[in-house]
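Work through the exercises below with the model open. Each task is followed by a stepwise solution.

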Amino acid sequence: MRVVVHVGLTKTGTTHLQGLLAAHAPALLEAGVLYPTRPAGQHFRGAVEVRGSAAAFGLADAEVDGSWEALCAQARAHVETTGGDAVIGHEVLAGATPEQADRALRALEGLEVHVVVTARDLGRQAVAHWQERVKLGDTRSFSEFERTELFADTGRDRGPDAGGVRPRFWHGQDFADTLRRWTFPLPPERGHLVVCPAPGAPRDALWRRFAEAAGLPADLVDATADVRANPSLGAAEVALLREVNRLLGDSLPTDVRHRLVKREYAEGELAARDSAPARTPDSAAGLL
């Protein structure tokens with residue numbers, strides 16, 4: 001009777017894994033594993049509530065209040081009544097402070113909780129993180145991002161939520177610190193790190209690694225299925241989006257920007273273009 005909490009990191013195949021779990025939820029449930037799919041978006045809203053970041057996503061507090069408790073209640077009801085397992089989580093959870101993580105895990109008190117962190121090499125993560133910031137309205141070039149977030153010598157032992165001044169990139173991509181923040185109240189064997197496969201690996205490699213760490217029946221999921229993912233942009237498209245962001249400025253409310261610019265324009269139209277991908281330059285090699 002286990003609850004697996006997948007907390008990210010961002011840009012480590014989390015959207016792909018969530019899509020696979022949702023698409024195969026009926027088959028998994030028949031095998032005793034619950035992945036809650038109703039109401040839609042509850043994993044995201046629950047994670048936003050844990051992080052106290054509703055405004056950052058253009059949401060009202062009332063839209064997320066109680067979401068995490070409700071999600072955990074579904075998981076608890078399933079494992080206690082059927083003896084099966086449950087999987088919940090979202091990459092927004094990765095940046096939680098120790099206090100936020102502790103409060104979140106209290107909703108699962110008395111159950112066998114396992115935490116899974118997915119990670120990939122920092123060279124790929126640097127440009128992916130920059131892209132995500134641009135999708136959210138950032139206008140910086142990668143060289144500016146590199147100077148302010150990668151090169152900044154501001155102490156990497158504390159994240160900004162814990163009172164430190166470490167740049168967002170290092171806080172968000174420190175898988176060891178994320179594991180520490182989410183597993184400090186748990187026995188050591190309940191924290192799991194899944195390393196994303198290198199480019200060119202079999203398409204099902206990430207799913208199989210995740211399933212092994214989470215104790216899930218891997219063969220019940222067709223990991224080659226066409227499910228949603230968080231698409232990357234080409235170098236030209238990132239440049240275009242930066243210019244769009246510059247022209248828009250602060251003219252759009254956060255919720256409208258998320259819908260129109262990030263989801264519909266960036267992840268819908270721009271991501272569909274076939275162009276050369278943005279790559280982390282050699283100048284960052286010494287840091288990453």
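Buried means under 20% relative accessible area, exposed over 50%, and partly exposed in between (1.4 Å probe, protein chains only). The model is predicted: local features need pLDDT of at least 70, side-chain atom pairs count only at pLDDT 80 or more, and totals for chains, interfaces and linings use all residues. Residues are numbered from 1 along each chain as its sequence is written, and side-chain values use heavy atoms, with hydrogens and water left out.

**Exercise 1. The sheet**

Task: Give the strand order of the open sheet and name its edge strands.

Solution:
- Step 1. Fix the terms. Helices (H or I, at least four residues) and strands (E, at least two) are DSSP runs, numbered from the N terminus. Two strands pair if DSSP finds at least two bridges between them.
- Step 2. Read the order. The open sheet has five strands in the order 2-3-1-4-5, and the pairing is parallel.
- Step 3. Find the edges. Strand 2 (33-34) and strand 5 (191-195) each pair on one side only, so they are the edge strands.
- Step 4. Inspect one pairing. Strand 2 joins strand 3 (residues 85-89) in the parallel sense over two bridges. Leu34 stands opposite Ala86 in strand 3.
- Step 5. Add the helix. Helix 5 (residues 67-82) lies across strand 1, strand 2 and strand 3. Its angle to strand 3 is about 165°. Axes are lines fitted to C-alpha atoms, for helices over the stretch in contact (heavy atoms within 4.5 Å). Angles run from 0 to 180 degrees between N-to-C directions.

**Exercise 2. Lys11**

Task: Decide whether Lys11 is buried or exposed, then trace its partners.

Solution:
- Step 1. Locate Lys11. It sits in the loop between strand 1 (2-6) and helix 1 (14-23).
- Step 2. Classify. Lys11 counts as buried because its relative accessibility is 11%.
- Step 3. List contacts. Leaving out residues up to four places away in sequence, Lys11 touches Arg120, Gln125, Ala128, Glu132, Lys135, Asn230, Pro231 and Ser232.
- Step 4. Look at the charges. A salt bridge needs a side-chain nitrogen of Lys or Arg within 4 Å of a carboxyl oxygen of Asp or Glu. Lys11, Glu132, Lys135, Lys262 and Glu267 are linked in a network of such bridges.

**Exercise 3. Arg208 and its acids**

Task: Which residues form salt bridges with Arg208?

Solution:
- Step 1. Recall the principle. Side chains of opposite charge can pair when their charged atoms come close.
- Step 2. Take Asp204. Its closest N and O atoms with Arg208 are 3.0 Å apart. Asp204 counts as partly exposed because its relative accessibility is 24%.
- Step 3. Take Asp219. Here the closest N and O atoms are 2.9 Å apart. This pair links distant parts of the chain: Arg208 is in helix 11, and Asp219 is in the loop between helix 11 and helix 12 (235-248), eleven residues apart.
- Step 4. Compare with the cut-offs. Arg208 is partly exposed at 37%. Asp219 is exposed at 66%.
- Step 5. Set the count. The whole structure holds 17 salt bridges.

**Exercise 4. Glu212**

Task: Where does Glu212 lie, and is it buried or exposed?

Solution:
- Step 1. Glu212 lies in helix 11 (residues 205-214).
- Step 2. Its relative accessibility is 67%, so Glu212 counts as exposed.
- Step 3. Glu212 and Val194 are 18 residues apart in sequence. Their C-alpha atoms are 9.2 Å apart.
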